[in-house]
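Good morning, and thank you for coming. I would like to take you through a few features of one structure, beginning with its charged pairs and ending with helix packing.

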Amino acid sequence: MLLPPLIDPQRHAVFLDFDGTLVELVDDPDAVAIAPAALDRLTVLRAELAGALAVVSGRRIVDLDRFLAPMRFAAAGVHGLERRVRPDGETERLAGPEVLDDVRERLAQPLRVNPRLKLEDKGTALVLHYRMAPDLRDVAEQAMDEATTGRHDLAVMNGDNIVEVHPAGMDKGKALAAMMKDAPFAGRIPVYVGDDTTDEFALQHVRDAGGVSIKVGDKQSVAEFRLTDVAAVHRWLAASA
C-alpha cells in the first residue's frame, strides 16, 4: 500500500468525500456523526489552506451542513448537481426535483412490494438503499433499471449498498474540475480522498491532472495512494494539520 504524502498548505487544494471517508458507513444514513475533534481539525486545515478545502458528496449540501454544524465548508453535493464554492456563499443547483417525478412514480410499486428497500429522495437524485437487505441487491437494481427505461437524460450509478439515479452530465470529477476554476482552489494542485465507486470519477480526474489521488479501503481503484479506513484518514489529516 502506497501511503499518501502530507498536505502542503501552500500548494494543495483538498477535496474530501463524506460517507466512508470522514465518517463511518452506517445502516441509517441519518445516524452518522463526526467527532468534534475531527471537525476542529478540518477547520484548522481549511484556514491553513486559505480556504481551499471542500467536501464532495452524494448527499445534499443542506445535509452536509447539518452533520458538520456549526461549521460550513465549500461543498459539492449530489455528485456536483449542487455546488457552493465558498462556505458563506449561495448553493447553486444545476437541476430541479421535477426532472425525476416520473421515476418516483415508477419506483412506488416495487417499494410497496419490498418494504425493506428504502428510498432516499434528495430532490435532484433518488437513492435506493439495500444495506439492511443485501439480498435485495438485484431487486433494487432491476427496479431502478425499469424506472429509468427510456430516460437517456439520466445517469444510474451503483454504489456501496445503493443504486442511485440523477440527471446525466455530472459526476464528482466534473464537480471538482469546475470548483478548481475558481478561487480559492484555482492554481493549486488537487488532492482527493474517497472510498466509493462514485469517487472514481474524481480520483481519475485528479490523477490525470497530476494531483494526489487517495482511495480509502481496499477496493479496486485508479487512485495512486491508499488509506486503510476512516480512522487512517483522520490520522493523515491530523499529521497534515
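Let me start with aspartate 63, which counts as buried because its relative accessibility is 9%, under the 20% cut-off. Please bear in mind that this is a predicted model. The partner of aspartate 63 is arginine 66, and the two form a salt bridge in which the closest N and O atoms are 3.2 Å apart. Arginine 66, by contrast, is partly exposed, at a relative accessible area of 43%. Both residues belong to helix α2, residues 61–68, where they sit 3 residues apart, about one turn of the helix. The pair is also part of a network of salt bridges that links Asp30, Arg60, Asp63 and Arg66.

Where do the residues of a second pair, aspartate 102 and arginine 151, lie? Their side chains meet in a salt bridge, at 2.5 Å from N to O. Aspartate 102 is in helix α3, residues 101–113, whereas arginine 151 is in the loop between α4 (137–147) and β8 (154–159), so this salt bridge ties together parts that are 49 residues apart in sequence. Aspartate 102 is partly exposed at 24% relative accessibility, while arginine 151 is buried at 17%. Arginine 151 also forms a salt bridge with aspartate 153, the closest N and O atoms being 2.8 Å apart. Aspartate 153 is partly exposed, with a relative accessible area of 38%. In total, the model has 21 salt bridges.

I turn now to the nonpolar interior. The largest nonpolar core comprises 53 residues, and those touching the most other members are Phe15, Phe18, Phe185 and Leu237. Leaving aside residues up to four places away in sequence, the contacts of phenylalanine 15 include Ala54, Val56, Leu176, Met179 and Met180, together with Phe185 and Tyr192. There is also a second, separate core of 17 residues, with Leu117, Ala143, Leu154 and Val163 among them.

Leu176 brings us to the last topic, since this residue of α5 is also one of those that meet α6. Helix α5 spans residues 172–179 and helix α6 residues 200–208; they pack at an angle of about 45 degrees, with their axes 6 Å apart. That angle makes α5 oblique to α6. On the α5 side the contact involves Lys172, Gly173, Leu176 and Ala177, and on the α6 side Phe201, Ala202, His205 and Val206. By class, the residues of this contact are 5 nonpolar, 2 polar and 1 charged.

Thank you for your attention.

How values were computed. Residues numbered from 1 in each chain as written. Predicted model: local features only at pLDDT ≥ 70, side-chain atom pairs only at ≥ 80, totals over all residues. Heavy atoms only, no water. Axes fitted to C-alpha atoms, helices over the stretch in contact; angles between N-to-C directions. Helix = DSSP H or I, 4+ residues; strand = E, 2+ residues; numbered from the N terminus. Parallel < 35°, antiparallel > 145°, perpendicular 65-115°, else oblique. Contact = heavy atoms within 4.5 Å. Nonpolar A, V, L, I, M, F, W, Y, C, P; charged D, E, K, R; others polar. Core = buried A, V, L, I, M, F, W, Y, C linked by side-chain atoms within 4.5 Å. Buried < 20%, exposed > 50% of the residue type's maximum accessible area, 1.4 Å probe, protein only. Salt bridge = Lys/Arg side-chain N within 4 Å of Asp/Glu carboxyl O.
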